[in-house]
Amino acid sequence: MAFMSRFSRSSSKSPSRRSTENSSPPVLSVFELERLLYTGKTSSNHADEVWPSLYLGDQYIAADRRELSRLCITHILNASHSKFRGGAEYYEGMNITYKGIEAHDSPTFDMSIHFQPAADFIHQALRESKGKILVHCAIGVSRSATLVLAYLMIHQHMALVEAIKTVKEHRGIVPNRGFLRQLVALDNSLRIKRKI
């Protein structure tokens with residue numbers, strides 16, 4: 001019970017921008033983060049809006065041109081890009097800006113080198129008038145979720161725990177253990193930088 005009380009969440013139905021200046025969620029171990037990830041929402045649609053105009057999804061939604069148009073997606077960040085599968089050329093004529101990252105869903109893969117460029121791409125997409133972005137990978141729960149968490153930490157000044165809770169209000173996510181370690185390192189470095 002004490003564990004659950006540490007992570008009580010508000011139950012908003014739609015994503016909202018909130019001030020994070022006064023909040024200081026606890027720093028957790030990877031094991032505690034995994035426990036947090038397995039609480040709350042565990043299901044997902046092909047795409048879920050996890051922050052205003054920011055959708056987290058899977059490869060199915062990324063291939064559905066009609067649904068992308070319906071959602072008014074203007075940018076796509078693909079965390080499972082491959083030279084053997086479609087890329088920017090797939091979206092020709094749709095006025096979609098595409099960025100691909102060839103990441104592997106492996107605990108040994110260094111996703112941290114992509115944190116800042118991906119966060120900047122997401123941030124730029126959301127700053128554009130009527131910009132909406134889909135961040136996806138194969139299933140939309142590990143690689144792409146890791147990049148969305150990094151964006152919330154870097155540009156929305158959230159601590160890792162708060163970023164996880166924000167996303168989990170709308171989509172079940174499970175970044176692998178290696179990605180969680182890298183996010184903890186990012187969380188620690190951002191905390192130190194913001195204290196200076």
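**Figure 1. The whole chain, with 51% of its 196 residues counted as buried.** Buried here means under 20% relative accessible area, with over 50% called exposed and partly exposed in between (1.4 Å probe, protein chains only). This is a predicted model, where local features need pLDDT of at least 70, side-chain atom pairs count only at pLDDT 80 or more, and totals for chains, interfaces and linings use all residues. Residues are numbered from 1 along each chain as its sequence is written, and side-chain values use heavy atoms, leaving out hydrogens and water. You'll find eight helices and five strands, picked out as DSSP runs numbered from the N terminus (helices: H or I, at least four residues; strands: E, at least two). Starting at the N terminus, their order is α-α-β-β-α-α-β-β-α-β-α-α-α.

**Figure 2. A close-up of Cys137, in the loop between strand S5 (133–136) and helix H6 (143–155).** UniProt, in an unreviewed entry, puts the feature "active site" at Cys137; its positions use the numbering used here, feature names are shortened, and annotations may be inferred rather than shown by experiment. Cys137 is buried, at a relative accessible area of 3%. Setting aside neighbours within four places in sequence, Cys137 has contacts (heavy atoms within 4.5 Å) that include Gly57, Asp58, Ser80 and Arg143.

**Figure 3. A close-up of Asn78, part of strand S3 (residues 75–78).** Asn78 is buried too, with a relative accessible area of 6%. Its side chain reaches the backbone nitrogen of Ser80 at 2.7 Å. Beyond its neighbours within four places in sequence, Asn78 is in contact with Tyr98, Lys99, Gly100, Ile101 and His136.

Methods: Polar contact = N/O pair within 3.5 Å; in protein donor to acceptor, adjacent residues only side chain to side chain.
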